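Grab a pencil and take a look at the model below. Try each task on your own before you read its solution.

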Amino acid sequence: MALGSGNYNKGLEVPNAHKALDNMKYEIAAELNLPVYQGSEDYWGNLSSKDCGRVGGQMVKRMISMAQNQMTNQ
């Protein structure tokens, strides 16, 4: 979906989280040595589905870890 499309943030519980999630996505891509850089916003057409899925999977793992840490610190 193109940057600035109206419905992108529709599903986010915290609409301001978009920037943090985007930063996490590019941080993980860099750790996996994938050739995408912030500023190339939303065009990852040169990557395989497998690589894109690896980024998404790592994002989910980190978010689950963050939630577990937050739950145990309360």
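Here are three short exercises on this predicted model, each with a worked solution.

**Exercise 1. Get the overall picture**

Work out how many helices and strands the protein has, and what share of its residues is buried.

Solution. Start with the elements: you'll find two helices and zero strands. Next, look at cover: the protein has 74 residues, and 18% of them count as buried. Then turn to the outside, where about 5700 Å² is exposed, with carbon and sulfur atoms supplying 54% of that area. Last, check the contacts with a separation of 6 or more: 38% of them come from residues 24 or more positions apart.

**Exercise 2. Place Asn33**

Find where Asn33 sits, and decide whether Asn33 is buried or exposed.

Solution. First locate the residue: Asn33 lies in the loop between helix H1 (18-31) and helix H2 (49-72). Now check its backbone: phi of Asn33 is near 55 degrees, which is a positive value in a residue other than glycine. Finally, take the relative accessible area, which is 67% for Asn33. Exposed means over 50%, so Asn33 is exposed.

**Exercise 3. Explore a nonpolar patch**

Which residues make a nonpolar surface patch of about 360 Å², and why does Met66 count as exposed?

Solution. Begin with the members: Val60, Met63, Ile64 and Met66 make the patch. Pick out Met66, which belongs to helix H2. Its relative accessibility is 51%. The cut-off for exposed is over 50%, so Met66 counts as exposed.

Methods: Residues are numbered from 1 along each chain as its sequence is written. This is a predicted model: local features need pLDDT of at least 70, side-chain atom pairs count only at pLDDT 80 or more; totals for chains, interfaces and linings use all residues. Side-chain values use heavy atoms; hydrogens and water are left out. Helices (H or I, at least four residues) and strands (E, at least two) are DSSP runs, numbered from the N terminus. Buried means under 20% relative accessible area, exposed over 50%, partly exposed in between (1.4 Å probe, protein chains only). Contact means heavy atoms within 4.5 Å. Accessible areas come from the Shrake-Rupley method with a 1.4 Å probe; for residues, only the protein chains shown count as cover. Patches are made of residues with over 30% relative accessible area and no salt bridge: like charges are joined within 9 Å, nonpolar side chains (Val, Leu, Ile, Met, Phe, Trp, Tyr) within 5 Å. A salt bridge is a side-chain nitrogen of Lys or Arg within 4 Å of a carboxyl oxygen of Asp or Glu.
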